[in-house]
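Trainee: I'd like to go through the pockets and cavities of this one with you. Could we start with what the terms stand for?

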Amino acid sequence: MLLAVLGMSAILLTNEGAAAQTILKFHHDLPEDSAQHVAAERFRDLVAERTDGAIEVKIFPNNSLGDDVQATQQMQFGAIEGGIVPTAKLSNFQPAMQLPDLPFLFPSPAIAHAFLDSEIGDELLASLDAVGLKGVTFWESGFKQFTCNNPVKVPSDFNGRKVRVMESPIIIAQFRAMGSTPVPIAFSETYTALQQGVVDCQENPLVSIVKMKFHEVQSDVVISNHAYLGYALVFSKRWFEKLDEATQTILVDAAREVTALEREETAKREAGYIETIRQSRATLSELPADNRGAFEKATRSVHDEFRDAIGAELLDKTYRKIDELTDS
């Protein structure tokens with residue numbers, strides 16, 4: 001009888017010990033050697049250290065839990081606890097999150113970072129509460145570049161071209177404004193679509209172009225810095241609100257602390273990505289500075305088209321803030 005009681009006690013202790021550890025499944029859409037994954041690993045380590053192992057962050061790269069939209073839906077229901085999702089994809093849930101994706105909005109990475117870390121960035125993150133997400137901070141893949149099977153120097157070079165886009169109203173509108181036909185295609189299927197000629201062009205940051213080998217099936221890579229691809233680091237609100245306040249603070253502080261590392265890793269890798277493209281068959285060029293104004297003019301209608309969806313007051317505040325940061 002004593003042995004049975006002792007055995008039952010051991011089982012209960014084991015179960016209590018197992019229950020004491022909380023698993024945080026962390027989603028992202030890039031490979032394990034990306035800046036995002038390196039930052040996620042640092043976040044994992046900080047959380048383990050600061051919670052004494054009570055929370056274990058398990059990282060799922062390469063959309064292994066589903067694509068960004070599917071993962072976000074799972075976060076709403078608490079089936080996935082957290083991750084990073086492109087702001088363009090989050091616009092399917094909260095239209096205001098389209099703001100950072102407006103073409104030719106940010107003149108430099110430094111201004112993009114300062115803006116997203118400002119009170120307006122906080123306002124964007126807070127808007128996710130309404131759709132079951134806890135927005136915490138902004139990570140990035142950096143500025144997007146054009147790749148095409150023809151040189152790109154002026155907006156008319158997109159006339160009649162079929163362009164792969166992510167499922168984002170603003171990005172679809174951006175390419176329509178330049179006379180092309182945007183074709184929404186899943187990120188994982190883009191290489192094949194380019195290879196088979198289903199589409200002629202696409203846009204992505206350098207990390208995606210190189211890691212997904214888009215430069216191997218496109219003749220031209222153009223450093224255009226025409227738009228920014230930011231990620232919001234989010235938690236499932238349903239899951240997050242069940243945690244005690246001390247644990248919530250640890251998670252938020254760790255995520256924000258790692259933001260600088262993620263951005264540094266992104267910038268550090270870009271020189272290597274450019275060299276990889278240079279050594280490929282693709283022609284690497286920069287968008288001529290004198291032509292940039294023509295692209296800005298061609299896509300300005302996109303800002304006007306989405307003014308109401310994003311919020312007129314928010315957009316006006318954005319322009320003022322960017323002017324302030326540019327002049328400082």
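Mentor: On a 1 Å grid over the protein atoms alone, a pocket is an open set of points with protein on both sides within 12 Å along at least five of seven lines, whereas a cavity is a set where a 1.4 Å probe fits but cannot get out, and lining residues have an atom within 4 Å of a point. Grid points are joined across faces, edges and corners, and a volume is the space filled by probe spheres set on them. The model is predicted, so local features need pLDDT of at least 70 and side-chain atom pairs 80 or more, while totals for chains, interfaces and linings use all residues. Residues are numbered from 1 along each chain as its sequence is written, and side-chain values use heavy atoms, without hydrogens or water.

Trainee: What is the mean pLDDT of the chain?

Mentor: The mean is 93, with 94% of the residues at 70 or more, pLDDT being the predictor's confidence in each residue, from 0 to 100. Over residues 1-19, however, pLDDT stays under 50. Where pLDDT is low, the predicted coordinates should not be read in detail.

Trainee: OK, so what volume does the largest pocket have, and which residues are closest to its centre?

Mentor: Its volume is about 350 Å³, and of the 23 residues that line it, P109, F143, Q145, N225 and E270 are the closest to the centre.

Trainee: Which element gives the largest share of that lining?

Mentor: That is α11, with seven residues, where helices (H or I, at least four residues) and strands (E, at least two) are DSSP runs numbered from the N terminus.

Trainee: And the second largest pocket, what lines that?

Mentor: It has a volume of about 270 Å³ and 15 lining residues, with D67, K89, I185, A186 and F187 nearest its centre. Both α3 (68-77) and β5 (162-165) supply at least two residues of this lining.

Trainee: Switching to cavities, how many are there?

Mentor: A search of the whole structure finds two of 30 Å³ or more. The largest holds about 90 Å³ of space, and its lining includes D29, K89, R164, F187 and Y231.

Trainee: What about the second largest cavity?

Mentor: That one has a volume of about 40 Å³, and among the residues lining it are A35, E140, R269, E270 and Y273. Here α11 gives the largest share, four residues. E270 therefore appears in two places in our discussion, since it lines this cavity and is also among the residues closest to the centre of the largest pocket, by the definition of lining given above.

Definitions and conventions
Contact = heavy atoms within 4.5 Å.
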